[in-house]
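I set out to record, entry by entry, what I looked up in this structure. The notes are meant for a reader who has not met it before.

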Amino acid sequence: MADTLTKLAYQALQQGKSLVGVAHKEVSTKLMELVAPKGAPKTRPIPPQMLMDLQAANAALMEIDWDEAEQGLYPTSLLFDAPWLDWAARYPMVWLDMPSTWNRRSERNVSDLPADVESDNYPDYYLQNFHHQTDGYLSDHSASLYDLQVEILFNGTADPMRRRVIKPLVQGLRAFAERPASQLRVLDVATGTGRTLRQVRAALPQAQLVGLDLSSAYLRQANRWLSQLPDELPQLVQGNGESMPFASGSMQGVTCVFLLHELPGDARHNVIDECFRVLEPGGVLVLADSVQLADSPQFETAMDNFRRVFHEPYYADYIRDDIASRLSAAGFSGIRATSHLMTRVWSATKP
Ligand SMILES: C[S@@+](CC[C@H](N)C(=O)[O-])C[C@H]1O[C@@H](n2cnc3c(N)ncnc32)[C@H](O)[C@@H]1O
């Protein structure tokens with residue numbers, strides 16, 4: 001009975017988040033068409049069949065999210081975890097930030113970054129306003145709005161999609177079952193504000209967690225969220241996923257969520273090679289990113305609209321990329337992939 005009520009509460013929460021996300025996008029799009037018509041992107045209408053497919057995939061995502069909590073892969077409380085008060089307080093800032101976003105979009109200005117950014121410290125492809133967001137990834141302001149913006153973008157499904165890395169990660173780490181859990185090191189590449197680390201921490205309370213990202217502002221925000229947890233604080237390191245400051249073979253697990261679509265092909269290749277290098281033989285890599293044309297052709301219009309609405313310069317190339325072949329070329333074996341709503345998850349082992 002208690003389980004049924006909790007499941008109903010979880011479904012109601014997800015439906016509520018979805019309604020808020022859809023309503024926000026409807027109103028903000030209407031406002032943009034009115035106030036800044038030059039910045040309004042030309043999107044394609046979503047076919048009715050695709051809407052039905054999206055609803056079915058959303059329902060399947062909720063089901064697997066609930067099932068895997070029930071299987072004990074992570075606590076059920078994680079399904080309700082979000083900084084609600086903080087998001088409520090920040091929501092007005094999302095609206096206040098919009099005019100500058102529309103402005104950048106209408107002027108096709110994609111390199112409007114803070115004046116004090118030391119551009120030599122970053123790869124060229126990084127120095128852009130991904131999603132047209134203010135300051136790109138390079139300010140505390142951007143980091144403070146990011147989680148809420150992603151939550152709205154995905155209609156409240158961002159964390160359920162991120163959580164799909166947990167099962168393959170936990171299963172892969174069984175290769176090291178003879179070791180104490182506290183000796184396992186799991187690295188989250190491009191950890192951003194640490195949402196994935198927060199999910200992984202709930203599943204692996206004793207493992208040593210490490211988060212790497214190029215943005216010190218995003219890492220500061222990650223530190224704020226993660227330091228609220230009672231467990232050991234994850235180590236947060238500023239660095240490039242293409243050349244990571246970690247010894248070869250020093251990690252037993254690596255995750256990487258929503259990074260690949262923001263990289264040009266050669267950087268995608270380098271990041272996968274680096275993940276292979278830092279893993280110990282037997283270690284597991286779990287990648288999660290947008291679904292692609294080959295696995296989810298029914299969502300082609302949604303993928304195309306995403307590219308039209310947001311500045312995502314490498315997305316069109318990414319959705320045609322063969323990630324399994326890249327994993328295999330890097331030396332990985334046991335490559336598996338599954339899709340969950342708009343996210344594709346690959347897992348692979350270093351032999
Ligand atoms: C779309 S966000 C995803 C963040 C996080 N994984 C999540 O699930 O929300 C992309 C992140 O990748 C980081 N990033 C982009 N290129 C990177 C690189 N070459 N090395 C490390 N981090 C990078 C950005 O700073 C940003 O935090």
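The entries below cover the model, its cavities, the ligand and several single residues.

**Entry 1. The model.** I noted at the outset that this is a predicted model.

**Entry 2. The largest cavity.** I asked how many cavities of 30 Å³ or more the structure holds. I found 2 of them. The largest cavity contains about 40 Å³ of space. For its lining I listed L13, Q14, K17, L78, L79, F80, D81, W84, D159, P160 and R163. I then looked up which helices supply at least two of these residues, and found α1 (2-35) and α5 (158-162). Helix α1 gives the most, with 3 residues. By class, I recorded 6 nonpolar, 1 polar and 4 charged residues in the lining of the largest cavity.

**Entry 3. The second largest cavity.** Here I recorded about 30 Å³ of space. W87, R90, A143, S144, D147, L148, Q221 and W225 form the lining of the second largest cavity. Two or more of its lining residues come from each of α3 (84-106), α4 (140-153) and α8 (216-226). Which element gives the most to this lining? I found that α4 does, with 4 residues. The lining of the second largest cavity divides into 4 nonpolar, 2 polar and 2 charged residues.

**Entry 4. E151.** I stayed with helix α4, where E151 is also found. Is E151 buried or exposed? I classed E151 as buried, because its relative accessibility is 8%, under the 20% cut-off. Setting aside residues up to four places away in sequence, I found that E151 touches K17, W87, G156, T157 and A158. Two of these names had already appeared in my cavity entries: K17 lines the largest cavity, and W87 lines the second largest cavity.

**Entry 5. The ligand.** I looked up the surroundings of the ligand and found 21 residues around it. Of these, Y126, Y146, A190, D213 and V257 come nearest. I then noted several atom pairs between ligand and protein. A nitrogen atom of the ligand lies 2.9 Å from an N or O atom in the side chain of Y125. For R162, an N or O atom of the side chain is 2.8 Å from an oxygen atom of the ligand. V257 offers a polar backbone atom, which is 2.8 Å from a nitrogen atom of the ligand.

**Entry 6. L214.** I located L214 in the loop between β2 (208-213) and α8. L214 counts as buried because its relative accessibility is 12%. Beyond its neighbours within four places in sequence, L214 is in contact with N121, Y122, P123, Y126, Q238, G239 and N240. One of these, Y126, is among the residues that come nearest to the ligand. I also looked up L214 against L51: the two are 163 residues apart in sequence, and their C-alpha atoms are 36 Å apart in space.

**Entry 7. Backbone angles.** I looked up phi with a general rule in mind: most residues other than glycine have a negative phi. H132, which is not a glycine, has a positive phi near 65°. I placed H132 in the loop between α3 and α4. Its relative accessibility is 8%, so H132 counts as buried. F258 also has a positive phi, of about 60°, although it is not a glycine. F258 sits in the loop between β4 (251-257) and α9 (265-278). At 12% relative accessibility, F258 is likewise counted as buried.

**Entry 8. F246.** I found F246 in the loop between β3 (235-238) and β4. F246 counts as buried because its relative accessibility is 9%. Which residues does F246 contact, leaving aside its neighbours within four places in sequence? I listed L187, V210, L212, V237, M251, R277 and V278. I followed up V278: it is 32 residues from F246 in sequence, while the C-alpha atoms of the two are 6.5 Å apart in space.

**Entry 9. S347.** My last look-up was S347, which lies in strand β7 (residues 343-349). With a relative accessibility of 12%, S347 counts as buried. Apart from its neighbours within four places in sequence, S347 is in contact with P168, L285, V286, G334, I335 and R336.

Note on methods. Residues numbered from 1 in each chain as written. Predicted model: local features only at pLDDT ≥ 70, side-chain atom pairs only at ≥ 80, totals over all residues. Heavy atoms only, no water. 1 Å grid on protein atoms, 1.4 Å probe; cavity = no way out; pocket = protein on both sides within 12 Å on 5 of 7 lines; lining within 4 Å. Points joined across faces, edges and corners; volume = space filled by probe spheres on them. Nonpolar A, V, L, I, M, F, W, Y, C, P; charged D, E, K, R; others polar. Buried < 20%, exposed > 50% of the residue type's maximum accessible area, 1.4 Å probe, protein only. Contact = heavy atoms within 4.5 Å. Near = heavy atom within 4 Å. Polar contact = N/O pair within 3.5 Å; in protein donor to acceptor, adjacent residues only side chain to side chain.
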